[in-house]
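Biologist: I'd like to go through this one slowly, asking how each label is earned. Can you put it up on the screen?

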Amino acid sequence: MIVSQFREVRRFMGRMDPGQDVVAGFKTVCQENRIASGWIMASAVLRNATVAPVLADGSGIGDPERTDGTVFCPSLSGNVSVEGETRGVRLYSICHPADGGAPRMGLVRAGEVVMCEFLVVALDDATLVRQADGRAGFAPWVQLQAAGEPPREAPRTPMRAPEGPAPRPTPPPTHVAIEDDEASELNILEMQQGDWVDHPRFGLCKVVHPPVDDKVTIKLPAGKHVDLHLGVMRVLPPKQVGGRKIFQVEVRRKT
């Protein structure tokens, strides 16, 4: 069992813009506000939601399944914690199809936002570390570390949290804006094969190979493959449009 009492708490309330991917949107909120551990509560209407169901025998989480059309998620809840070297966001919900179909229950992997209103409670005393190689898909918390402590290799078996309240380091400032360069790099890390890039000159192009050293291979509308150097571009947070995860890119202005 891992239990800790948190005293340093920040709260963020807001809404997402239509067209955003709901999981990527919460990752952006956490990145921009330096949230490493916290709890998420939301209500949402999503299009083309992808949900990984909990297996009937309780052995884990199944393969993601996409629901075409619009779903209503009256209660979308989850959390943010550290997974490997990144912030991991997990969202759980019962998604009710607007056409009256059978509800989908489980881990929400993606979905284009129609409406999403949320409350995020940031817990700053300590950081919860999630098992990165959870084969069953549950990926439980395995480690509690003081805020600001460098990540350690996660143990294979859960550790018992130290007794008493967690240490109280100086909390991060309430409003911290990350630089454009860092934000762009974080968005590049989200890019995967099969995603799309909206280029100001080339238009909508499919990602053929994921980024390596700030270089990504894309397929132009005419069918030609070219290498796009993202280091000279600004990559914006992705949007989910018609089942496509699209990253808009802008050419950086020379200073």
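Biologist: How much space lies in the largest cavity?

Modeller: About 40 Å³. Keep in mind that this is a predicted model.

Biologist: What makes it count as a cavity?

Modeller: A cavity is space where a 1.4 Å probe fits but cannot get out. The search of the whole structure kept cavities of 30 Å³ or more, and it found 1.

Biologist: Which residues line the largest cavity?

Modeller: Ala24, Lys27, Thr28, Gln31, Asn187, Glu190 and Pro238. Two elements, α1 (22-32) and α2 (180-190), each give two or more residues to that lining. The largest share, 4 residues, comes from α1.

Biologist: How does the lining divide by class?

Modeller: There are 2 nonpolar, 3 polar and 2 charged residues. Ala and Pro count as nonpolar, while Lys and Glu count as charged.

Biologist: Let's stay with α1. Why is it described as largely enclosed by the rest of the structure?

Modeller: Because 10 of its 11 residues are buried. Among them are Val22, Phe26, Lys27 and Cys30.

Biologist: What happens at the start of α1?

Modeller: A side-chain oxygen of Asp21 reaches to within 3.2 Å of the backbone nitrogen of Val23. The distance cut-off for a polar contact is 3.5 Å, so this pair fits inside it.

Biologist: And what do we find just after α1?

Modeller: Arg34 sits there, with a positive phi of about 55°.

Biologist: Where is Ile35 found?

Modeller: In the loop between α1 and β2 (38-53).

Biologist: Why is Ile35 called buried?

Modeller: Buried means under 20% relative accessible area. Ile35 has 0%, so the label fits.

Biologist: Which residues is Ile35 in contact with, leaving aside its neighbours within four places in sequence?

Modeller: Arg10, Phe12, Val29, Cys30, Val80, Arg87, Val120 and Ala122. Take Arg87: Ile35 and Arg87 are 52 residues apart in sequence, yet 8.3 Å apart in space, C-alpha to C-alpha.

Biologist: Hang on, contact means heavy atoms within 4.5 Å. How do you know that Ile35 and Arg87 are in contact?

Modeller: The 8.3 Å runs from C-alpha to C-alpha, whereas the contact cut-off applies to heavy atoms. Arg87 is listed among the contacts of Ile35 on that heavy-atom test.

Biologist: Now the whole protein. How many helices and strands does it have?

Modeller: It has 2 helices and 14 strands. Buried residues make up 42% of its 255 residues.

Key
Residues are numbered from 1 along each chain as its sequence is written. This is a predicted model: local features need pLDDT of at least 70, side-chain atom pairs count only at pLDDT 80 or more; totals for chains, interfaces and linings use all residues. Side-chain values use heavy atoms; hydrogens and water are left out. On a 1 Å grid over the protein atoms alone, a cavity is a set of points where a 1.4 Å probe fits but cannot get out, and a pocket is an open set with protein on both sides within 12 Å along at least five of seven lines; lining residues have an atom within 4 Å of a point. Grid points are joined across faces, edges and corners, and a volume is the space filled by probe spheres set on the points. Buried means under 20% relative accessible area, exposed over 50%, partly exposed in between (1.4 Å probe, protein chains only). A polar contact is a pair of N or O atoms within 3.5 Å; within protein, one must be able to donate a hydrogen and the other to accept it, and residues adjacent in sequence count only if both atoms are side-chain atoms.
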